[in-house]
Amino acid sequence: MINQDRIERRVISDKYRPSYSDDEFALQEALRGSLSGTSELVSDYEKALCRRFESEYAVAVSSGTAAIMVALAAVGVGLGDQVALTPTCPLCTVYPVMNAGAEPLFVDTREHGFGMDIDALKAVLSTRLKALIDIPMWGYPTEVDELYAFARDARIPLILDLAHSHGTMLHGQPLSRYADLSCFSTHERKPLATGEGGFILTDNAGLAQRCRDYSRFANLNGREFGLNFKLAALPAALGRSRAGHLPSQLTVRRQNAAFIKRGLAHPAVKEVRVVPGGSPNYYSLNLRLQFSDNGKFIAYLDEHGVPSDVKRYGCRCLYEFPAVAMHKRECPQGAALLKSMTTLPVHPGLTQDDLSYMVSIINAYEGE
Ligand SMILES: *Cc1c(COP(=O)(O)O)cnc(C)c1O
């Protein structure tokens with residue numbers, strides 16, 4: 001084992017701001033036409049998203065949050081309804097549920113992953129339950145095939161929050177193929193980035209139309225309610241151009257993750273389990289920790305310039321936050337899962353030296 005004091009210290013950034021030579025061209029071209037959300041550029045972007053993610057329909061919206069709000073409205077979630085979701089996701093997923101006047105019903109995760117536990121879900125089924133949301137965290141697939149089969153049988157719409165999971169695959173298909181509606185964010189930190197923005201994918205023509213109508217004031221017809229969640233043309237132009245770069249970006253992320261995995265030699269640190277048939281996009285590399293005090297290891301990495309999303313966002317079950325505490329339902333597996341893992345950045349902005357440094361620092365840990 002190398003002594004950690006002999007490793008030259010680095011600070012690893014978890015921020016990656018992509019820039020491409022064709023960004024400027026895309027934006028300059030866009031400036032010649034309409035800049036509103038009904039510009040042809042937006043429909044061109046939506047077509048590019050359909051091709052990229054093998055989807056029948058795409059609706060571009062102004063943020064990932066808007067995508068979830070629109071999806072909930074499209075499946076008819078309103079005042080007094082229940083929406084089941086796992087509590088291990090960011091606050092960003094639950095706030096739109098609360099904003100719709102619905103009650104978030106926390107359902108535990110599986111033991112070895114962030115997917116919703118179907119047995120736990122069965123225990124809370126009722127006629128008030130109007131939608132399910134599954135949230136694959138950090139780009140690792142969950143068992144959405146099984147959940148979608150269950151949801152269809154139970155006739156409850158399944159929404160996926162894929163804000164981390166652009167390009168994540170299960171059994172050779174994008175995760176979005178296993179849901180009624182899939183919500184994405186294109187915030188600057190996400191694998192496909194337009195600054196702010198989001199989109200919804202679906203193969204269901206009726207749901208696509210409801211999403212489009214709702215995000216355009218229901219076309220101001222005065223019969224149906226809606227709001228304005230349209231994506232503006234400039235971020236759409238950027239997104240259309242950048243969607244083409246996504247595959248090569250994900251290749252670099254996968255290579256970076258593979259390099260780190262090959263180097264890991266500490267017996268208490270391994271990649272988390274990947275579901276059979278699944279292929280993460282490596283938004284982050286997730287590590288399963290088996291120390292007696294995992295928090296101490298995460299703090300050690302942080303002191304050595306290696307950031308963790310678990311630390312950065314203070315990840316814990318959502319009902320532990322005061323703003324959500326009134327919806328508390330203990331989810332012991334989800335809580336244990338969050339305590340047993342950490343994330344490592346593997347974005348394309350990292351150098352080979354950064355990657356080697358992270359491996360050395362992990363392998364040099366002397367704690368128990
Ligand atoms: C980022 C994020 C959101 C919110 O997306 P915005 O575009 O920031 O509104 C929702 N859910 C998850 C899981 C996210 O990571």
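**Exercise 1.** What volume does the largest cavity have?

*Solution.* The model is predicted, so to speak of local features a pLDDT of at least 70 is needed, side-chain atom pairs count only at pLDDT 80 or more, and totals for chains, interfaces and linings use all residues. Residues are numbered from 1 along each chain as its sequence is written, and side-chain values use heavy atoms, without hydrogens and water.

Step 1. Take the term: on a 1 Å grid over the protein atoms alone, a cavity is a set of points where a 1.4 Å probe fits but cannot get out.

Step 2. Read the value: the largest cavity has a volume (the space filled by probe spheres set on the points) of about 210 Å³.

**Exercise 2.** Describe the lining of the largest cavity.

*Solution.* Step 1. Its lining (residues with an atom within 4 Å of a point) has 21 residues, and D14, R189, R253, Y283 and H347 lie nearest the centre.

Step 2. Two elements, α9 (246-263) and β15 (341-344), give two or more residues each; helices (H or I, at least four residues) and strands (E, at least two) are DSSP runs.

Step 3. By class, 9 are nonpolar, 5 polar and 7 charged, with Gly counted as polar.

**Exercise 3.** Which side chains make polar contacts with oxygen atoms of the ligand?

*Solution.* Step 1. A polar contact is a pair of N or O atoms within 3.5 Å.

Step 2. T65 has a polar side-chain atom 2.5 Å from a ligand oxygen; for H164 the distance is 2.9 Å, and for K190 it is 2.9 Å.

Terms used:
1 Å grid on protein atoms, 1.4 Å probe; cavity = no way out; pocket = protein on both sides within 12 Å on 5 of 7 lines; lining within 4 Å. Polar contact = N/O pair within 3.5 Å; in protein donor to acceptor, adjacent residues only side chain to side chain.
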